[in-house]
Amino acid sequence: MSVLTLDAEALYGELQRGVRGLCSAETRLVGVTSGGAWLAERLQRDLRLEGEHGTISSAMHRDDFAQRGLASGGQTVLPFDVNAAQIIILDDVLYTGRTIRAVINELFDYGRPASIQLAVLVDRGGRELPIQADYAAARVALPPNQLLELARDADDRFHFRVEAA
């Protein structure tokens with residue numbers, strides 16, 4: 001069995017270039033807790049964007065809420081008006097599309113954005129819903145029994161963990 005090795009810092013550099021190309025002066029970054037929120041926080045700083053990034057939780061709109069309950073990953077914090085905003089949702093790994101569906105539902109609880117785009121560090125395929133990233137730094141194939149998770153160290157550097165599902 002081969003071991004997947006991905007350089008999360010190099011992929012972050014690719015994501016930064018891709019998100020820069022999607023941004024306008026009106027763009028607001030919103031990161032999905034927790035990996036996407038880390039990406040949004042760092043991109044907000046590295047791209048020198050005005051204002052603050054937002055963080056969004058999928059917990060309240062998940063279709064598996066009865067099994068999972070509320071996760072301890074964080075709450076939704078949107079420090080700007082969502083109405084008419086151009087929003088880029090950021091996530092670490094796009095898989096089935098169910099988390100992004102839940103996040104979009106959560107976002108609409110706060111208002112009606114002008115547009116929503118999705119940028120991810122890794123698209124691992126395996127979609128169950130018709131959701132696609134506008135930008136993915138990498139596309140990889142993983143068996144369904146493996147989890148790919150972004151982690152960060154005390155120096156704010158990213159790395160991946162690959163674990164059995």
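Contact here means heavy atoms within 4.5 Å. On that criterion, and with residues up to four places away in sequence left out, E106 touches I56, S57, M60, H61 and T76. The coordinates belong to a predicted model, and every value reported below is computed from it.

E106 is located in helix 4. With a relative accessibility of 8%, E106 falls under the 20% limit and is therefore classed as buried. Two side-chain interactions of this glutamate involve polar atoms. One is a polar contact of 3.3 Å between the side chains of E106 and H61; the other, at 2.8 Å, is made with the side chain of T76. The surroundings of E106 also bring together positions that are separated in sequence: the C-alpha atoms of E106 and A59 lie 8.9 Å apart, although 47 residues separate the two along the chain.

T76 occupies a position in the loop between helix 3 (65–68) and strand 3 (86–94). Its relative accessibility is 13%, so T76 also counts as buried. In addition to the contact with E106, the side chain of T76 reaches the backbone nitrogen of S57 at a distance of 3.0 Å. The residues touched by T76, again excluding those up to four places away in sequence, are T55, I56, S57, E106 and Y110. I56 and S57 thus appear among the contacts of T76 and also among those of E106.

Helix 4 spans residues 98–108, and its buried residues are I100, A102, V103, E106 and L107. These residues cover an arc of only 160° around the axis, which places them on the same side of helix 4. In an α-helix there are 3.6 residues a turn, so residues three or four places apart point the same way. The cover over the buried residues of helix 4 includes strand 1 (27–32), strand 2 (54–56), strand 3 and strand 4 (115–123).

Helix 1 comprises 15 residues, from 8 to 22, and extends 21 Å from its first C-alpha to its last, close to the 21 Å expected at 1.5 Å a residue. At the start of this helix, a side-chain oxygen of D7 comes to within 3.1 Å of the backbone nitrogen of E9. The buried residues in helix 1 are A8, E9, L11, Y12, G13, L15, Q16, G18 and V19.

Aromatic pairing was assessed with a limit of 6.5 Å between ring centres, and the count comes to one aromatic pair. The ring centres of Y12 and F158 are 5.6 Å apart and the ring planes meet at 50°, so this pair is tilted. Distant parts of the chain are linked by the pair, since Y12 belongs to helix 1 and F158 to strand 7 (residues 158–164), with the two positions 146 residues apart. Y12 and F158 are both buried. The ring of Y12 is also approached by a charged group: the charged end of R42 sits over it, 4.1 Å from the ring centre. A corresponding arrangement involves R124, whose charged end sits over the ring of Y95 at 3.8 Å from its centre.

R42 is one of the buried residues of helix 2, together with G35, G36, A37, L39, A40, L43 and Q44. The twelve residues of helix 2 should span 16 Å at 1.5 Å a residue, and the end C-alpha atoms are 16 Å apart, which agrees with that expectation.

Backbone geometry on either side of helix 2 shows two further features. The peptide bond from T33 to S34 is cis, with omega near -5°, and S34 is found in the loop between strand 1 and helix 2 (35–46). Just after helix 2, R48 adopts a positive phi of about 55°; this residue lies in the loop between helix 2 and strand 2. R48 has a relative accessible area of 74% and is therefore exposed.

A positive phi in a residue other than glycine is also found at A84, where the value is near 65°. A84 is placed in the loop between helix 3 and strand 3, the loop that also holds T76. The relative accessibility of A84 is 59%, so A84 counts as exposed, whereas T76 counts as buried.

Note on methods: Residues numbered from 1 in each chain as written. Predicted model: local features only at pLDDT ≥ 70, side-chain atom pairs only at ≥ 80, totals over all residues. Heavy atoms only, no water. Helix = DSSP H or I, 4+ residues; strand = E, 2+ residues; numbered from the N terminus. Expected span 1.5 Å × (residues − 1). Buried < 20%, exposed > 50% of the residue type's maximum accessible area, 1.4 Å probe, protein only. Polar contact = N/O pair within 3.5 Å; in protein donor to acceptor, adjacent residues only side chain to side chain. Phe/Tyr/Trp six-rings, centres within 6.5 Å; stacked < 30°, edge-to-face > 60°. Lys NZ or Arg CZ within 6 Å of the ring centre and 35° of its normal. Arc of directions from axis to C-beta.
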